[in-house]
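Please open the model in a viewer and keep the sequence panel at hand. The tour below proceeds by selection, with a short account of what each selection shows.

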Amino acid sequence: MSLKAIVKSVISGDTLVLRGRTGPQGQSPKERILHLADVVAPRMGNLTREDEPWAFESRDFLRALAVGKEISFTSTHSFPSNEDVTRDLGTAEIGGVDVASEMLKNGWAKVKESKRDSTEDDIQKRDMEAEAKAAGKGLWNSHGPQARVVHQTMPTDSQAFVSEWKGKAIDALVEQVRDGSTLRLRLFMPDGEHQIVNIALAGVRCARTSPRQGEPSEPWAEEAKFFTESRLLQRSVRVIILSLPTSTATPFQAGANSAPPPPASIFIGTVLHPAGNVAEHLVAAGLARVVDWHAGMLAAGGGMERLRASEKVAKEKRACLYANVPTASASITQSNGTTNGNARIFDGTVIRVWSGDQISVIDKESGKERRLQLSSTKGPKLSDPKQAYYAQEAREFLRKRLIGKHVKVTVDFIRPRDGEYEERECATVRYGNQISNVAEQLVEKGLASVVRHRRDDEDRSSDYDKLMAAEQVAVAETRGIHSGKEQPAVKPPVNISESGARATTFVNGFKRQGKISAVVDYVASGSRFKLFLPRDNQSLTLVLNGIRAPRTARNPSERSEPFGQEAADFATRRYMQRDVEFEVDTVDKSGGFIGTLWLKSENVAISLVKEGLASVHSFSADGLSWSTQLYAAEAEAKQAQKNLWESYDEEAEKAAQAPPVEDDPGRLKSEYLDVIISDVRAENGFSFSVQILNTEGIATLEKLMRDFSLHHRVAHPAPSNFTPKAGDLVSAKFSDGSWYRARIRRTSSVKKEAEVTFIDYGNQDTVSFSNIRPLDPKFRSLPGQAQDARLSFVRLVASESEYHADAVQRFRQLCEGRKLVANIDYKEGATLHLRLIDPNDPVATQDPLACINADLLREGLASIDRKGCKYIGAYPHIMSKLQTAVAEAKRDRAGMFEFGDVEEDE
């Protein structure tokens, strides 16, 4: 009885492997082996023996004739078999043509010798054999078989073989399908040799079939194997070898590329059939999954994009392997295009680079700051010495490309909180006219690696395949973290603002340089910045000259001044990590440099004042060349009632500044007091403190200090929970060993010390925490007896002048510790503007306008302060006296006029 089957493959010129059709539930069909009766053909070789002459050609003829076609066969005899495959001896026809006869006619088989009596069929077969022999066909070719070498094992030098043939198309024949994505092929090399290789299909992986009989295969493995076998087994294909099977990049491995890899048992490549790439069809049918790390190999020709398109089709159909694929998380991407209430796709500006894979972006629409993790990207760790160099390189790469730039952000997913790691939006960030993915550039430079996600993990970058391709380039070019080179960690910058003494040594050098390039490394407050000087690997603190920004809280126990946080936020968003320039004017006692900061042509101090986030500090501003712009910016902010000036009343200010109306403009409404200069301060601008004598307060102070001294004769240890804070009233020990009432100005928890002002004398000092106690309530009732003061109408020569020290010393000689008469000419908040008179000076008894203020002018140690003393117009007689004193100083070439008229233009 004739049976029908499909020819699966051909073992040799006289043996075929047949299969039935698939079962009703898609089951793999059963197979049987058919040996053609009465003919014999050469045997193919294997690992232990070589091909018999003409074996390949004989088999190839039958392969081309029969594989994949329907065949009618009759079994004349069945062989016993230990395997689960039936073995038959019989005849076969394809399209009515007898297969054995066709082999004999073309000379690719011989008639098998038989001891039985010849039949008519035997005679016909011998006649066919004779005709082929006479014509020199096939096995009977007089020239003999073509000499060739068949390499039955994988190439010994795998790397060299891949390097030689990578990306080149080679003709091949599929010899075996091990599973849906693993093939054994015969490569037809250009020199005539045959090379047997194992190939894993690039970009995909099918379920594995069981290597042992009786053991179950993975789900969908048999279906995938049949899918590939039925289309490719013993078909002619073209193979493009792409890579060795190295699945994971190994950054930071020293010498990783120095030793040659061991011989590979398989190559990764693309197998192309005239009908297309079987890998794409496997994925579309749901019988294979896409292998992410192959993206780099397939990027050039768009292969990965086609695989992803096939994957999308399979997921939509929920075919086979994708039957239970999870849907996108509803909490991540909602129908309204938001993620947890924020826009999923938005435009913004990068304001900070936290590390090689994290940035902060201001959402243009909402104004919110959003901290983002670059999707599927992992930057080097700064804490790891091996990675520190590349961590800084990655951070600097992002800073130069993104800081202050407009970007387009797509939030791909939200990484949930995990232990110490906070919830984080993971996004793809694009910038520039080309809409470049910065993560892709980072990975391609070898400054980050790509995260390997779980197979079913849909939370990944929307450009994941491109990231993998970029990493492949970085690995191939041994860039950055893939170089195998250990780079020493970058040395931390030298802090030249560590102390006032250290900072002072740099001031003159900075002044000579003029504008100096730097990077804003940190914003401490609206007017205080930490700058990094890359050229010298130095860092310093810069305090903006000419302005005062409200202070921000430095720890949870402190409270920021009004608009202090807003000023710091503005400065952070606008200047953090920007390339800037700065100029130095002077230095404060803590080591902070006082000067000017520019972002391109923008003066940072002016911008802060214009936004109403800082006020002009007249004393320091008046000496600046751009003070006019500063005052104009403040006037603009006041007019717009911005921030600090939200309650500004122009009329009220004018009324407060208006000079008092007097009955007789030629006479001064005097308020004379007996005072003693209790403290003189020359740092950060000249000022002093006074005690007003002949008052009840002074008498009370004397009694209080006696009681205070007795109180501190007995040791009073500070409570264990006592920590001095700014603004606290305390008892503090002065350098003379005595205790006085004081107010904390600022504290340093690191140095365990505080800057204090002694409220009854006005002097200031830095005192260790061990010499500070809480002020007993019984000593709190009396207000501080020291009053801050300055000279009316005049100011001492500037601190940068060589005559400044002489001026301060002269003032001390005339005033410090002496009982004087003072007239209050103006009150600026808590500061008194005083005209000081020496009662023992005989001139003062004759001239009511004589004063120490005018004496300092006459000696060339001070100048008239028209800007700082806006009330000067209310005192015309005093003004005339002061101008006369200046004229005398110029005439006598006194003090700063020693070499001529150097007074500033007023």
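Begin by selecting helix α11, residues 464–476. In this predicted model, the helix has 13 residues and spans 18 Å from its first C-alpha to its last, close to the 18 Å expected at 1.5 Å a residue. Display its side chains next: Tyr464, Asp465, Leu467, Met468, Ala469, Ala470, Glu471 and Ala474 are buried. To see what covers these buried residues, add the surrounding elements, which include α7 (295–298), α8 (303–317), β23 (377–378), β26 (436–437), α10 (438–444) and β27. Then step just past the end of α11 to Thr478, which takes a positive phi of about 50°.

From the covering elements, select Ser449, which is found in strand β27 (residues 449–450). Why does Ser449 count as buried? Its relative accessibility is 14%, and the cut-off for burial is under 20%. Setting aside neighbours within four places in sequence, the contacts of Ser449 are Ser376, Thr377, Lys378, Val443, Glu471 and Ile481. Glu471, one of these contacts, is among the buried residues of α11.

Proceed to strand β20, residues 345–355. Two pairings can be followed from here. With strand β24 (residues 406–415), β20 pairs in the antiparallel sense over five bridges; along this pairing, Gly348 stands opposite Val407 of β24. With strand β21 (residues 358–363), β20 is again antiparallel, over six bridges, and Val353 has Ile359 of β21 as its bridge partner. The connection between β20 and β21 is a hairpin with two residues between the strands.

Now select strand β15, residues 267–273. How many of its seven residues are buried? Five are, and the strand is thus mostly covered. Show its partners one at a time:

- Strand β12 (residues 194–201) pairs with β15 in the parallel sense over three bridges, and Leu201 has Gly269 of β15 as its bridge partner.
- Strand β14 (residues 236–243) pairs with β15 in the antiparallel sense over five bridges, with Arg238 opposite Leu272.
- Strand β16 (residues 276–277) pairs with β15 in the antiparallel sense over two bridges, with His273 opposite Gly276; a hairpin joins β15 to β16 through two residues.

Stay with Phe267 and display its surroundings. Apart from neighbours within four places in sequence, Phe267 is in contact with Met154, Pro155, Ser158, Phe161, Val162, Val197, Asn198, Ile199, Ala200, Ile241, Ser243 and Leu244. Of these contacts, select Ser158, which lies in helix α4 (residues 158–165). Ser158 counts as buried because its relative accessibility is 3%, against a cut-off of under 20%. Beyond residues up to four places away in sequence, Ser158 touches Leu244, Pro262, Pro263, Ala264 and Phe267.

Widen the view to the nonpolar interior. The largest nonpolar core has 79 residues, and Leu185 and Phe267 have the most contacts inside it. Helix α9 (residues 388–402) supplies the largest share of this core, with five residues. A second, separate core of 49 residues can be located through Val794, Tyr803, Leu836 and Ile878, which are among its members.

Next, select the five strands that close into a barrel, in the order β37-β38-β44-β47-β46; their pairing is mixed. On average, neighbouring strands of this sheet are turned by 55° against each other, direction ignored. For a closer look, isolate β38 (residues 687–692) and β44 (residues 786–791), which run antiparallel and are joined by four bridges; Phe688 stands opposite Ala789 of β44. Then add helix α19 (residues 804–815), which lies across β37 (672–681), β38, β44, β46 (819–828) and β47 (831–837) and runs at about 140° to β37.

Finally, colour the chain by pLDDT. The average for the protein chain is 86, and 93% of the residues score at least 70. Which stretches fall under 50? Residues 330–336 stay under 50, and the model gives this stretch nine contacts beyond four places in sequence. Residues 660–668 are also below 50, with eight contacts beyond near neighbours in sequence. Where pLDDT is low, the predicted coordinates should not be read in detail.

Notes
Residues are numbered from 1 along each chain as its sequence is written. This is a predicted model: local features need pLDDT of at least 70, side-chain atom pairs count only at pLDDT 80 or more; totals for chains, interfaces and linings use all residues. Side-chain values use heavy atoms; hydrogens and water are left out. pLDDT is the predictor's confidence in each residue, from 0 to 100. Contact means heavy atoms within 4.5 Å. Two strands pair if DSSP finds at least two bridges between them. Axes are lines fitted to C-alpha atoms, for helices over the stretch in contact, and angles run from 0 to 180 degrees between N-to-C directions. A nonpolar core is a set of buried Ala, Val, Leu, Ile, Met, Phe, Trp, Tyr and Cys residues joined through side-chain atoms within 4.5 Å. Buried means under 20% relative accessible area, exposed over 50%, partly exposed in between (1.4 Å probe, protein chains only). The expected span of a helix is 1.5 Å times one less than its number of residues.
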